[in-house]
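The following exercises concern the contacts between chains in a structure. Each task is followed by a solution that proceeds step by step.

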Amino acid sequence: AVRYLEEEDKRSQKLLQRLDTHIEELKTESERTVDKY
Amino acid sequence: KGLEEIRHQYLRAVNKIRGDMMHYIQESKKRAAEMIRAEVLKERQQTARKMRK
Amino acid sequence: KGLEEIRHQYLRAVNKIRGDMMHYIQESKKRAAEMIRAEVLKERQQTARKMRK
């Protein structure tokens with residue numbers, strides 16, 4: 001069970017990184033759009 | 001100016017979603033840990049009953 | 001046009017987040033079920049050994 005929870009912690013960290021990547025992409029893309037117009 | 005405003009609103013919204021997801025994941029981990037403990041305890045109690053019998 | 005573009009970018013980001021969350025949750029459930037199964041099996045094997053003894 002302890003192993004399971006440790007693994008879940010690792011997985012949730014990776015998920016968080018992925019979510020942050022998506023947010024950064026939105027930030028960059030939208031900034032480009034604002035500059036464009 | 002309108003574009004900037006909308007951009008900031010969307011970024012705020014997406015950050016809120018991130019926060020909500022993180023909260024959900026924390027709760028989910030807690031629930032999973034509790035469920036695992038409950039299942040293992042149940043199995044051990046059944047074992048004890050069988051042994052007594 | 002700029003508003004539309006930003007809106008689409010936002011919706012794309014939200015969809016990606018949703019996809020990642022769904023995948024994470026499904027994987028979590030699978031792993032939890034597998035772990036419980038393994039724990040219960042281990043407990044039963046230990047019981048069987050004790051009973052035989």
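**Exercise 1.** Determine how many salt bridges the rule finds across the interface of chain A and chain C, and describe one of them.

*Solution.* Step 1. The rule finds five salt bridges across the interface of chain A and chain C; a salt bridge is a side-chain nitrogen of Lys or Arg within 4 Å of a carboxyl oxygen of Asp or Glu. The model is a predicted one, in which local features need pLDDT of at least 70 and side-chain atom pairs count only at pLDDT 80 or more, while totals for chains, interfaces and linings use all residues. Side-chain values use heavy atoms, with hydrogens and water left out; residues are numbered from 1 along each chain as its sequence is written, and chains are lettered from A, with ligands numbered from 1, in the order in which they are written.

Step 2. One salt bridge joins C:R12 to A:E29, whose closest N and O atoms are 3.3 Å apart.

Step 3. On the side of chain A that touches chain C, seven residues are nonpolar, four polar and seven charged. In this classification Ala, Val, Leu, Ile, Met, Phe, Trp, Tyr, Cys and Pro count as nonpolar, Asp, Glu, Lys and Arg as charged, and the others, Gly among them, as polar.

**Exercise 2.** State how much area is buried between chain A and chain C, and identify which three residues of chain A supply 30% of the area that chain A buries there.

*Solution.* Step 1. In this interface, 18 residues of chain A are in contact with 20 residues of chain C, contact meaning heavy atoms within 4.5 Å.

Step 2. The buried area is about 1,800 Å², and carbon and sulfur atoms give 58% of this area. Buried area is the accessible area (1.4 Å probe) that two parts lose on being put together, summed over both.

Step 3. A:Y4, A:R11 and A:H22 supply 30% of the area that chain A buries against chain C, more than any other three residues.

**Exercise 3.** Describe the interface of chain A and chain B by its residues, its buried area and its salt bridges.

*Solution.* Step 1. Chain A contributes 17 residues to the contact and chain B contributes 15 residues.

Step 2. About 1,400 Å² is buried between chain A and chain B, with 78% of this area from carbon and sulfur atoms.

Step 3. Two salt bridges are found across this interface. In one salt bridge, the side chains of A:D9 and B:K29 meet at 2.6 Å, N to O. This pair crosses between chains, from helix α1 of chain A to helix α1 of chain B.

**Exercise 4.** Decide for each pair of α1 helices whether the two are roughly parallel or roughly antiparallel.

*Solution.* Step 1. Helices (H or I, at least four residues) and strands (E, at least two) are DSSP runs, numbered from the N terminus. Axes are lines fitted to C-alpha atoms, for helices over the stretch in contact, and angles run from 0 to 180 degrees between N-to-C directions. Angles under 35 degrees count as roughly parallel, over 145 as roughly antiparallel, 65 to 115 as roughly perpendicular and the rest as oblique.

Step 2. Helix α1 of chain B (residues 2–52) and helix α1 of chain C (residues 2–52) have axes that come within 10 Å and cross at roughly 10°. Therefore α1(B) is roughly parallel to α1(C). Their contact has 26 nonpolar, three polar and eleven charged residues.

Step 3. The axes of helix α1 of chain A (residues 2–36) and α1(B) come within 11 Å, crossing at roughly 175°. Therefore α1(A) and α1(B) are roughly antiparallel to each other. The residues of this contact comprise 18 nonpolar, three polar and nine charged.

Step 4. For α1(A) and α1(C), the axes come within 9 Å and cross at roughly 175°, so these helices are roughly antiparallel to each other.
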